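Subject: Structure handover

Hello,

Here is the structure I promised to pass on. Please open it first, then read my notes below.

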Amino acid sequence: MTDHTDDVSRTEAFFTLHHRLPRQSPGSDATTRRLLALAGPLPDRPRVLDLGCGPGRAALLLAAEAGAEVTAVDLHQPFLDELREAADARGLGGRIRTVRADMGDLTGPAFPPGSFDLIWAEGSAYCIGFATAVRDWQRLLAPGGAMVVSECVWTTGTPSAGARAFWDRNGSLRTLPETTAAAVAAGCTVPAVLLQPDSDWDAYYAPLAERVESADPAAPGMEWALAATREELAVRRAYGAEYGYAAYVLRPADPRWTTRPETAADREAVRAVNTAAFPTPDEAGLVDALRADADAWLPELSYVAEAPDGSVAAYALLTRCRVGDAPALALAPVATSPAYQRQGAGQAVVRAALDAARVRGEALVVVLGHPEYYTRFGCVPASRYGIRPGFEVPDEAMMALVLDGSVPVPAGMIRYPAAFGV
């Protein structure tokens with residue numbers, strides 16, 4: 001066992017190793033920019049809470065490029081001092097406020113409920129646990145706000161014994177689907193997930209490895225910090241293909257709508273919603289035909305949104321299709337009862353179905369529909385990935401959404417279930 005003095009010395013030694021390094025966790029300015037774009041529209045001067053900010057690489061970028069008013073939080077005062085120095089040097093001192101606080105105890109006048117448009121946590125949520133962070137930080141978001149939270153995850157379902165032994169002692173990683181499930185269980189939807197590139201790790205580890213070689217091992221706690229860091233570097237070299245950082249864009253689920261998989265008792269109501277939402281009964285018939293196709297039907301991806309009175313207000317269906325020879329999902333139909341249209345029910349049920357697909361470990365969704373609507377879920381023209389339908393359709397109307405960036409996106413022709421008749 002170690003006493004409190006040893007723990008303090010080790011913590012300080014760990015921080016000393018990271019002082020004045022370009023990064024304190026895997027990342028890059030390019031990744032920060034991509035995540036900022038994925039977070040969606042923000043107010044002109046968004047209020048951003050950067051948690052576990054370190055010396056503030058992300059905070060500086062958010063202030064300079066997004067015009068954000070940033071509250072930057074860290075427990076280590078020297079990091080905050082570095083950030084304050086850099087902000088003043090860049091003329092951003094008026095946009096960045098530093099607060100020494102524990103991200104696990106965000107109370108007091110600096111953190112009133114509903115006061116931030118964007119919560120940012122690159123490489124820091126592990127300090128209190130991803131699920132705890134996602135659950136507790138939501139109260140700080142203003143209506144329409146979002147969170148960007150990164151987490152180290154397994155990118156394989158069968159990690160090597162050496163990799164698992166290391167991470168069981170240092171965080172017990174989840175897979176991408178398991179981490180998504182934790183976010184959904186905490187009350188969020190998952191508009192986007194970005195698996196960070198290997199270059200983000202290089203940007204962190206290359207300078208850190210140089211620092212390890214130049215550090216004084218005789219300093220208090222440094223022998224332990226050096227041994228732990230060398231082990232971490234060695235594990236990354238040996239097993240880096242088996243894990244990585246995934247950055248999650250999260251939004252609180254719309255509280256107006258309860259979403260869930262359909263049950264047998266919902267079938268008539270689902271038929272009624274599809275019949276009412278479309279000018280012909282064809283879409284209702286399509287659902288019935290897909291239910292009868294054992295190769296296409298995935299019961300847990302037939303989703304409803306309940307109105308306040310418990311009736312079915314909206315419906316979304318994902319069924320098995322293929323792109324080339326690879327499995328994918330087709331999103332169709334999406335229907336909202338006329339009484340509840342333009343009230344968010346359709347969006348809520350689509351987001352819930354897509355989240356359920358991520359939790360299943362599905363990798364790709366294709367959808368034919370209005371670009372103005374489906375781009376809000378992150379869909380882009382399928383042609384960007386070399387995906388094409390077997391019939392003529394405007395390029396912008398045939399869309400795709402990558403759910404799991406850890407696997408290659410298949411290219412080729414979309415092969416729909418027979419019920420689609422194409």
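Helices and strands here are DSSP runs, numbered from the N terminus; a helix has at least four residues and a strand at least two. Keep that in mind for labels such as E17, since Pro417 lies in the segment after that strand. One caution before the rest: this is a predicted model.

**Overall picture**

The protein has 13 helices and 17 strands. Its C-alpha trace spans about 75 × 45 × 40 Å along the principal axes. The radius of gyration is 24 Å; a compact globule of 422 residues would have one near 22 Å, so the two agree. Of the 422 residues, 49% count as buried. The exposed surface is about 18900 Å², and carbon and sulfur atoms supply 53% of it. Among contacts with a separation of 6 or more, 73% come from residues 24 or more positions apart.

**Cores**

The largest nonpolar core has 32 residues. Leu49, Phe111, Trp137, Met147 and Leu250 have the most contacts inside it. Several elements give two or more residues to this core, among them strands E1 (47–51), E4 (116–121), E5 (141–154), E7 (188–195) and E8 (243–252). Helices H5 (130–137) and H7 (176–185) do so as well. Another core, of 31 residues, lies apart from it and includes Ala313, Ala345, Ala348 and Ala353.

What does Trp137 touch, leaving aside its neighbours within four places in sequence? Its contacts are Leu51, Met103, Leu106, Ile119, Ala121, Ala125, Ile128, Met147 and Val149.

Helix H3 (residues 57–65) is worth a look too. Its buried residues are Ala58, Ala59, Leu60, Leu61, Leu62 and Ala63. The cover over these buried residues includes helices H2 (29–38) and H4 (77–89). Strands E1, E2 (69–74), E3 (96–100) and E4 are also part of that cover. Just after H3, Gly67 takes a positive phi of about 65 degrees.

**Aromatic rings**

A search of the whole structure finds 16 aromatic pairs. One of them is Phe391 with Tyr416, a tilted pair at 6.3 Å centre to centre and 35 degrees between the planes. Phe391 lies in the loop between strands E15 (387–388) and E16 (398–402), while Tyr416 lies in the segment after strand E17 (412–415), so the pair ties together parts that are 25 residues apart in sequence. Are the two partners buried or exposed? Phe391 counts as partly exposed, at 28% relative accessibility. Tyr416 is buried, with a relative accessible area of 16%.

There is also an aromatic cluster. Trp154, Phe166, Trp167, Trp201, Tyr204, Tyr205, Tyr243 and Tyr245 form it. Arg236 lies over the face of Trp201, at 3.8 Å from the ring centre. The charged end of Arg236 also sits over the ring of Tyr243, 5.0 Å from its centre.

**Two prolines**

Pro417 is buried, with a relative accessible area of 6%. Not counting residues up to four places away in sequence, Pro417 touches Leu290, Asp293, Ala296, Thr319, Arg320 and Cys321. Pro417 and Ala192 are 225 residues apart in sequence and 27 Å apart in space, C-alpha to C-alpha.

Pro217 sits in the loop between helices H8 (198–214) and H9 (222–239). Pro217 counts as exposed, at 52% relative accessibility; the cut-off for exposed is over 50%. Leaving aside neighbours within four places in sequence, Pro217 is in contact with Met222, Glu223 and Leu226. Pro217 and Ala227 are ten residues apart in sequence and 9.7 Å apart in space, C-alpha to C-alpha.

**Backbone details**

A cis peptide bond joins Ala332 and Pro333, with omega about -5 degrees. Pro333 is found in strand E12 (residues 326–336).

Which residues other than glycine have a positive phi? Arg20 is one of them, at about 65 degrees. Arg20 is in the loop between helix H1 (4–18) and H2, and is exposed, with a relative accessible area of 54%. Arg342 has a phi near 60 degrees. Arg342 is found in the loop between E12 and helix H12 (345–360). Arg342 is exposed, with a relative accessible area of 87%.

Best wishes

Definitions and conventions: Residues are numbered from 1 along each chain as its sequence is written. This is a predicted model: local features need pLDDT of at least 70, side-chain atom pairs count only at pLDDT 80 or more; totals for chains, interfaces and linings use all residues. Side-chain values use heavy atoms; hydrogens and water are left out. Rings of Phe, Tyr and Trp (its six-membered ring) pair if their centres lie within 6.5 Å; planes under 30 degrees apart count as stacked, over 60 as edge-to-face and the rest as tilted. Buried means under 20% relative accessible area, exposed over 50%, partly exposed in between (1.4 Å probe, protein chains only). A charge sits over a ring if NZ of Lys or CZ of Arg is within 6 Å of the ring centre and within 35 degrees of the ring normal. A nonpolar core is a set of buried Ala, Val, Leu, Ile, Met, Phe, Trp, Tyr and Cys residues joined through side-chain atoms within 4.5 Å. Contact means heavy atoms within 4.5 Å. The radius of gyration is taken over C-alpha atoms; the globule rule is 2.2 Å times the number of residues to the power 0.38. Accessible areas come from the Shrake-Rupley method with a 1.4 Å probe; for residues, only the protein chains shown count as cover.
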